[in-house]
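Hi everyone, thanks for coming. Please have the sequence and the model open while I talk.

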Amino acid sequence: MLLTISTTLEPATELGFLLHKHPGKVQEFDVAVGRAHVFYPEASQGRCTAALLVEVDPVGLVRGRRGVGAEGFSLAQYVNDRPYAASSMLSVAIARVFKSAMAGRCDARPELARRALPLEITVPALPCAGGAEVAERVFGPLGWEVAAAPVALDPLVPQWGDSRYVDLTLRGEVRLADALNHLYVLLPVLDNAKHYWVSIDEVDKLIRAGDGWLGTHPERELITRRYLAHRRELVATAVGRLAEVDDTAPEELDNAVPPEDEAPVRTSLAAQRLAAVVDVLREAGAARVVDLGCGEGALIRVLLDDPAMREVLGVDVSHRALQIAARRLRLERMGDRRRERVHLLQSSLTYRDDRLAGFDAAVLMEVIEHLDPPRLPALEHVVFGLARPSTVVVTTPNVEYNSRFAGLEPGRMRHRDHRFEWSRSEFRAWADRVADGHGYRVRYRPVGAQDPEAGPPTQMAVFSLAAPEEGTP
């Protein structure tokens with residue numbers, strides 16, 4: 001199996017830093033299916049290409065197995081296409097060899113890890129169930145220019161037609177970590193097969209690798225079902241998890257499930273959270289709101305529909321998240337009057353930024369749990385000590401409710417980037433301390449259906465700046 005990744009970034013050899021693989025060396029790795037090799041066919045200032053070559057050991061794959069197996073006859077396991085055609089085995093090798101790059105980590109070049117780069121990716125032999133058109137459907141919406149050339153069954157016998165394989169080339173300006181995660185998920189999707197047992201762990205892998213793009217992908221149903229080998233119980237779990245992570249209603253993610261006219265309408269937790277935050281802002285009479293950690297702009301979109309909101313500022317440390325927010329809000333097509341009311345700003349919530357001051361209200365919706373606990377005091381100082389809006393709304397998961405989510409293993413957090421998840425008592429202890437230390441009063445509201453024992457799935461604290469005569473406790 002062969003995969004090549006090329007860039008014309010200048011200097012192009014910076015690709016070696018991002019992949020954590022030196023262009024001047026040939027490196028080898030043991031992987032579950034055999035042996036992986038990483039080398040650079042070209043490495044100049046103008047163009048650099050990294051190649052991942054996976055040598056599959058078909059004998060080793062079946063050594064120790066008993067019985068004929070599902071392939072129909074005893075020699076099939078030795079003569080099928082495993083040794084050379086890309087499949088889920090190549091995805092396994094990508095995750096093993098490029099683990100740090102997939103996570104977007106690069107201490108040597110952190111600014112490059114966050115940037116979209118000019119990339120060209122080739123997979124010369126890729127099974128593609130449904131033909132080249134399916135490759136365009138799954139990669140195209142992610143910003144790739146897709147060239148999927150069908151491979152003839154036999155070039156010497158053209159009347160036999162095309163095989164089920166394509167020679168795939170992807171070109172685009174994409175962050176390297178995103179490109180690797182796209183490949184990790186979509187290679188087995190195009191093959192429409194997994195060459196290993198698919199368990200509940202595959203749901204976690206799909207959620208992690210699909211973070212930020214799968215929930216809104218127009219072919220998310222096809223991708224989810226194929227990736228999870230059409231196992232309905234796993235697909236149902238993934239749909240629910242995607243709804244929570246990507247702020248999307250489950251029925252929107254799984255449009256293969258027909259609506260039931262007599263069934264009660266269920267509102268997703270994400271939608272309930274948005275509605276609860278908006279209700280608080282309206283009660284407070286806020287007209288100028290800053291959404292701290294705005295992500296992809298879900299709250300901003302709702303606030304802009306309220307004419308009482310004169311200004312909405314979306315703030316996030318991630319440039320990519322702001323790009324997605326601008327696209328989803330359609331800022332380029334927005335009318336002048338509406339466009340004047342919204343602004344997007346890249347900034348860290350743990351460093352002083354005078355541009356965050358002067359707003360009626362600030363919202364930290366599902367944000368604090370993404371910070372390492374030692375950095376919370378810095379956020380508290382920036383928001384409650386320096387910006388000091390009249391109202392601050394904070395929501396965060398209630399860890400006690402996690403056991404009520406089907407498919408979420410005990411002890412596992414709801415999102416791979418969460419640094420902690422608090423119980424109700426832990427959240428109240430934090431909020432009470434912050435309010436006392438900065439001259440605020442605080443009250444609490446549940447978000448979502450209350451469980452008699454576990455409480456609500458989301459907990460909310462509403463901070464109100466104490467009047468001067470009340471003093472600071």
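Let me begin with a word I will use a lot: a residue is buried when its relative accessible area is under 20%, exposed when that is over 50%, and partly exposed in between, using a 1.4 Å probe and protein chains only. What we have here is a predicted model, so local features need pLDDT of at least 70 and side-chain atom pairs count only at pLDDT 80 or more, while totals for chains, interfaces and linings use all residues. Residues are numbered from 1 along each chain as its sequence is written, and side-chain values use heavy atoms, with hydrogens and water left out.

With that word in hand, take Leu214. At 0% relative accessibility, Leu214 is buried. You will find Leu214 in the loop between α9 (201-209) and α10 (220-227). Helices here are DSSP runs of H or I with at least four residues, strands are runs of E with at least two, and both are numbered from the N terminus. Leu214 and Leu142 are 72 residues apart along the chain, and their C-alpha atoms are separated by 9.4 Å.

Now the overall picture. The protein has 18 helices and 14 strands. Of its 473 residues, 50% count as buried. Contact means heavy atoms within 4.5 Å; among the contacts with a separation of 6 or more, 71% come from residues 24 or more positions apart.

Next, helix α8. How buried is this helix? Its count is 16 of 16 residues, so α8 is largely enclosed by the rest of the structure. The expected span of a helix is 1.5 Å times one less than its number of residues; for α8 that gives 22 Å, and the end C-alpha atoms are 23 Å apart, which agrees. There is a bend of about 25 degrees at Val185, with Pro188 following within four residues. By bend I mean the angle between axes fitted to the seven residues ending at a residue and the seven starting there. Right after α8 comes Asn192, with a positive phi near 60 degrees.

Within α8 (residues 176-191) sits Asn181. Asn181 is buried, at 10% relative accessible area. Setting aside neighbours within four places in sequence, Asn181 is in contact with Met102, Ala209 and Trp213.

On to the aromatics. Rings of Phe, Tyr and Trp (its six-membered ring) pair if their centres lie within 6.5 Å; planes under 30 degrees apart are stacked, over 60 edge-to-face, and the rest tilted. How many aromatic pairs does a search of the whole structure find? The search finds 10. In one of them, the ring centres of Phe427 and Trp430 are 6.1 Å apart and the planes are at 20 degrees, so this pair is stacked. These two are three residues apart in helix α18 (residues 424-438), which means about one helical turn separates them.

Phe427 also pairs with Tyr444, this time edge-to-face, at 6.3 Å centre to centre and 75 degrees between the planes. That pair links distant parts of the chain, 17 residues apart, with Tyr444 in strand β13 (residues 440-447). Is each partner buried or partly exposed? Phe427 is buried at 1%, whereas Tyr444 is partly exposed at 21%. Both belong to one aromatic cluster, whose members include Phe384 and Phe463.

Finally, arginines over rings, meaning that CZ of Arg (or NZ of Lys) is within 6 Å of the ring centre and within 35 degrees of the ring normal. Arg109 has its charged end over Phe17, 4.0 Å from the ring centre, and Arg288 lies over the face of Phe359 at 4.5 Å.
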